[in-house]
Structures are given as structure tokens and as C-alpha cells.
Amino acid sequence: QVQLVESGGGLVQAGGSLRLSCVVSGRAFGIYGLAWFRQAPGKEREFVAAINWNSRSTVYTDSVKGRFTVSRDNAKDTMYLQMNSLKPEDTTVYCCAISSAPYRIQADPGINQYANWGQGTQVTVSS
């Protein structure tokens, strides 16, 4: 059974930083792409960042470019999201997801490409 567990969320002032982690078990982590999404109450899930299986391709939504960095450590079965210069509008629950197919060359922002999801971690940015 595939499990994804996020951590690292919390409360931070605007301009501050957080690093989210996503640990994956139950799957050969190193051959699958991964992504971060976020979802506010009553809104659709929004793509944030994705990374392909060998870290050679990453993609970001425009609102986080230059502020967020996605990375992965295949030896630790863990993906990260370094979030800098946080803004109040970044406040929401962040979830990680793993791709349904291995060895995709490009990082993929499409929600339908991801088969398994974590429960999420809350990020709150105060003004």
C-alpha cells in the first residue's frame, strides 16, 4: 500500500520560510515523478510544483516561481518543498502526490497524472 506523509507545515510571518517534506512508502520511490498541490477550503486543488523521477525536470505554478524550490532525495524516499518569501496568500493545506506511471521525462503539473496522495500539512502565513 502506497503511503505519503507530509510534514513541516506551521505558522510563519510574511517573508519567512518553511520546508515541507513528503515521505513515500510502499512504492519504488526513485522511478516516479512527484508533485505538490495545495487546496483551500471550498476551492479546487491547485498545482504548486512538480519534479520528475531523476530531478532533471521541474515545473512551478507562476505564483511561486523564484520563491519555492522542489527537490527530492531518492536515498531517503523523500521530496521537499523549500518555501521562501512566504505571503499570506500561500496559506492553505499542502499535499504531496506520486505519479501513476514511472520514468516520465518531464515533470507534470496535471492532477490526473497522480495516483496517490498524502493527507496534507497546514501552512499559515500571517501578515
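**Close-up views of a predicted model**

**View 1. Arg38 on its strand.** R38 is found in strand β4 of this predicted model. With a relative accessible area of 6%, R38 counts as buried, because that value is under the 20% limit. Its side chain is joined to that of D90 by a polar contact of 3.1 Å. If you leave aside neighbours within four places in sequence, R38 is in contact with E44, R45, E46, V48, S63, V64, F68, D90, T92, V93 and Y94.

**View 2. The largest pocket.** Here R38 and D90 appear again, now as two of the lining residues of the largest pocket. Keeping them company in the lining are Q39, A40, K43, E44, E46, S63, R67, E89, T91 and T92. Sorted by class, the lining has seven charged, four polar and one nonpolar residue. The space inside this pocket comes to about 150 Å³.

**View 3. The largest nonpolar core.** This core has 27 residues, and W36, L81, M83 and Y94 are those with the most contacts inside it. At least two core residues come from each of β3 (18–25), β4 (32–39), β5 (46–51), β7 (68–73), β8 (78–83), β9 (92–102) and β11 (121–126). Strand β3 gives the most, with four residues.

**View 4. Leu81 and a second core.** Not counting residues up to four places away in sequence, L81 touches L18, R19, L20, W36, V48, A49, F68, T69, V70 and Y94. Apart from the largest core lies another one, of seven residues, including F37, F47, A50 and A97.

Notes:
Residues are numbered from 1 along each chain as its sequence is written. This is a predicted model: local features need pLDDT of at least 70, side-chain atom pairs count only at pLDDT 80 or more; totals for chains, interfaces and linings use all residues. Side-chain values use heavy atoms; hydrogens and water are left out. A nonpolar core is a set of buried Ala, Val, Leu, Ile, Met, Phe, Trp, Tyr and Cys residues joined through side-chain atoms within 4.5 Å. Buried means under 20% relative accessible area, exposed over 50%, partly exposed in between (1.4 Å probe, protein chains only). Contact means heavy atoms within 4.5 Å. On a 1 Å grid over the protein atoms alone, a cavity is a set of points where a 1.4 Å probe fits but cannot get out, and a pocket is an open set with protein on both sides within 12 Å along at least five of seven lines; lining residues have an atom within 4 Å of a point. Grid points are joined across faces, edges and corners, and a volume is the space filled by probe spheres set on the points. Ala, Val, Leu, Ile, Met, Phe, Trp, Tyr, Cys and Pro count as nonpolar, Asp, Glu, Lys and Arg as charged, and the others, Gly among them, as polar. A polar contact is a pair of N or O atoms within 3.5 Å; within protein, one must be able to donate a hydrogen and the other to accept it, and residues adjacent in sequence count only if both atoms are side-chain atoms.
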